[in-house]
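Let's take a friendly walk around a protein model, looking at its hollows and its charged contacts. Have the 3D view ready so you can follow along.

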Amino acid sequence: MAGTFVTFEGIDGCGKTTQLELLCAALAERGIRAVRLREPGGTAISEKIRALLLDPANMEMRPQAELLLYEASRAQLVTQVIKPALEVGAVVVCDRFFDSTFAYQSGARGLEEDIIRMANELGSCGCTPDATVVFDLDPTVAWERATHNGADRLEAEGLAFQERVRAGYHRAAELEPERLRMIDAAGTREEVFSRLVEALSDVLPQLEGLDVAAFVARQADVERAMADIAQGLGEGA
Ligand code: TMP
């Protein structure tokens with residue numbers, strides 16, 4: 001396909017969403033408007049499935065039902081948004097994709113790897129990322145960040161569950177070392193962003209020569225200005 005498909009992976013609270021925002025801002029500076037998505041979600045139907053999946057009231061959900069709901073959300077997103085975007089040459093950046101299913105539903109929930117592979121093939125409708133970045137972080141460090149706004153259904157499974165998810169990602173990266181690029185997610189956001197840009201240099205040559213320190217500093221200024229504007233709007237209301 002004409003476009004570029006990049007996915008971000010990692011345990012809950014690993015910081016990938018902040019890095020995804022930085023990546024999209026860096027691409028925008030270079031005139032590339034990336035299609036930014038998240039899984040589960042990204043279409044009206046997929047967002048409804050997301051609400052069902054993350055609702056802490058649904059603790060009785062069985063692993064098989066959970067697997068199929070993630071795949072249903074994915075099939076809708078791939079066919080309705082991802083494939084059409086790639087066909088017209090867009091850069092698509094998705095926060096989680098089928099490697100999450102491998103790490104969470106196999107690594108952590110214990111479903112068989114072969115079943116996950118078949119389900120992923122169906123759910124992704126044959127769409128595979130060009131590159132996947134796995135943000136690797138100790139779950140005890142990520143925990144505070146993941147749950148400070150309250151835990152969703154998956155986060156409510158606790159720290160041991162996140163350890164198994166992390167092991168699942170390590171296994172996935174061993175199986176497909178070329179597509180899955182594991183980076184250390186510890187450190188400042190500038191340090192992690194620098195590792196991210198390096199990890200994606202082959203699939204996103206548009207970022208070649210980016211001065212990461214200067215870009216992250218510019219971005220911090222923009223965020224401060226936006227926060228001031230939002231506060232001003234709040235006070236005016
Ligand atoms: P998040 O968008 O806040 O990361 O929440 C999504 C949650 O769903 C997260 O805990 C990971 C989990 N998940 C799976 O268990 N399997 C999947 O296939 C996907 C995409 C997410």
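Below we go through the pockets, the cavity, the salt bridges and a patch on the surface.

## The largest pocket

Before you start, keep in mind that this is a predicted model. A good first stop is the largest pocket, with a volume of about 700 Å³. Its lining is made up of 31 residues. If you want to find the middle, look for D12, K16, R50, R96 and E155, which lie nearest its centre.

Which elements build the lining of this pocket? Those that give two or more residues are α1 (16-29), β2 (35-38), α2 (44-54), α3 (63-87), α4 (98-108) and α6 (139-147). Helix α4 gives the most, with four residues. Sort the lining by class and you get nine nonpolar, 10 polar and 12 charged residues.

## The second largest pocket

Next up is the second largest pocket, which holds about 310 Å³ of space. Here 14 residues form the lining, and F98, R117, N120, E176 and R179 are the ones nearest the centre. At least two lining residues come from each of α4, α5 (113-124) and α7. This time α5 gives the most, with four residues. By class, you'll find five nonpolar, four polar and five charged residues in the lining.

## A closed cavity

How many cavities of 30 Å³ or more does the structure hold? There is one, and its volume is about 30 Å³. Its lining consists of G10, I11, V134, F135, D136, L137, R166 and Y169. Two elements, β4 (131-136) and α7 (159-175), each give two or more residues to that lining. Strand β4 gives the most, with three. Five of the lining residues are nonpolar, one is polar and two are charged.

## Salt bridges in helix α5

Now for the charged contacts: the model has 19 salt bridges in total. Let's zoom in on R117, the residue we met near the centre of the second largest pocket. R117 pairs with E113, and their closest N and O atoms are 3.1 Å apart. Since both sit in helix α5, four residues apart, about one helical turn separates them.

R117 also meets D114 in a salt bridge, at 2.9 Å from N to O. D114 and R117 are three residues apart in α5, which is again about one turn of the helix. And how covered up is this trio? R117 is partly exposed at 39% relative accessible area, E113 is partly exposed at 23%, and D114 is partly exposed at 49%.

## A link between two loops

Which parts of the chain does the pair E157 and R109 link? Their side chains form a salt bridge with an N to O distance of 3.0 Å. E157 lies in the loop between α6 and α7, while R109 lies in the loop between α4 and α5, so this pair, 48 residues apart, links distant parts of the chain. E157 is partly exposed, with 33% relative accessibility, and R109 is partly exposed too, with 22%.

The pair belongs to a network of salt bridges that links E66, R109, R153 and E157.

## A nonpolar patch outside

Last stop: the surface. V222, M226, I229 and L233 form a nonpolar patch there, with about 410 Å² of accessible area together. V222 belongs to helix α9 (residues 212-236). With a relative accessible area of 43%, V222 counts as partly exposed.

Note on methods. Residues are numbered from 1 along each chain as its sequence is written. This is a predicted model: local features need pLDDT of at least 70, side-chain atom pairs count only at pLDDT 80 or more; totals for chains, interfaces and linings use all residues. Side-chain values use heavy atoms; hydrogens and water are left out. On a 1 Å grid over the protein atoms alone, a cavity is a set of points where a 1.4 Å probe fits but cannot get out, and a pocket is an open set with protein on both sides within 12 Å along at least five of seven lines; lining residues have an atom within 4 Å of a point. Grid points are joined across faces, edges and corners, and a volume is the space filled by probe spheres set on the points. Ala, Val, Leu, Ile, Met, Phe, Trp, Tyr, Cys and Pro count as nonpolar, Asp, Glu, Lys and Arg as charged, and the others, Gly among them, as polar. Patches are made of residues with over 30% relative accessible area and no salt bridge: like charges are joined within 9 Å, nonpolar side chains (Val, Leu, Ile, Met, Phe, Trp, Tyr) within 5 Å. Accessible areas come from the Shrake-Rupley method with a 1.4 Å probe; for residues, only the protein chains shown count as cover. A salt bridge is a side-chain nitrogen of Lys or Arg within 4 Å of a carboxyl oxygen of Asp or Glu. Buried means under 20% relative accessible area, exposed over 50%, partly exposed in between (1.4 Å probe, protein chains only).
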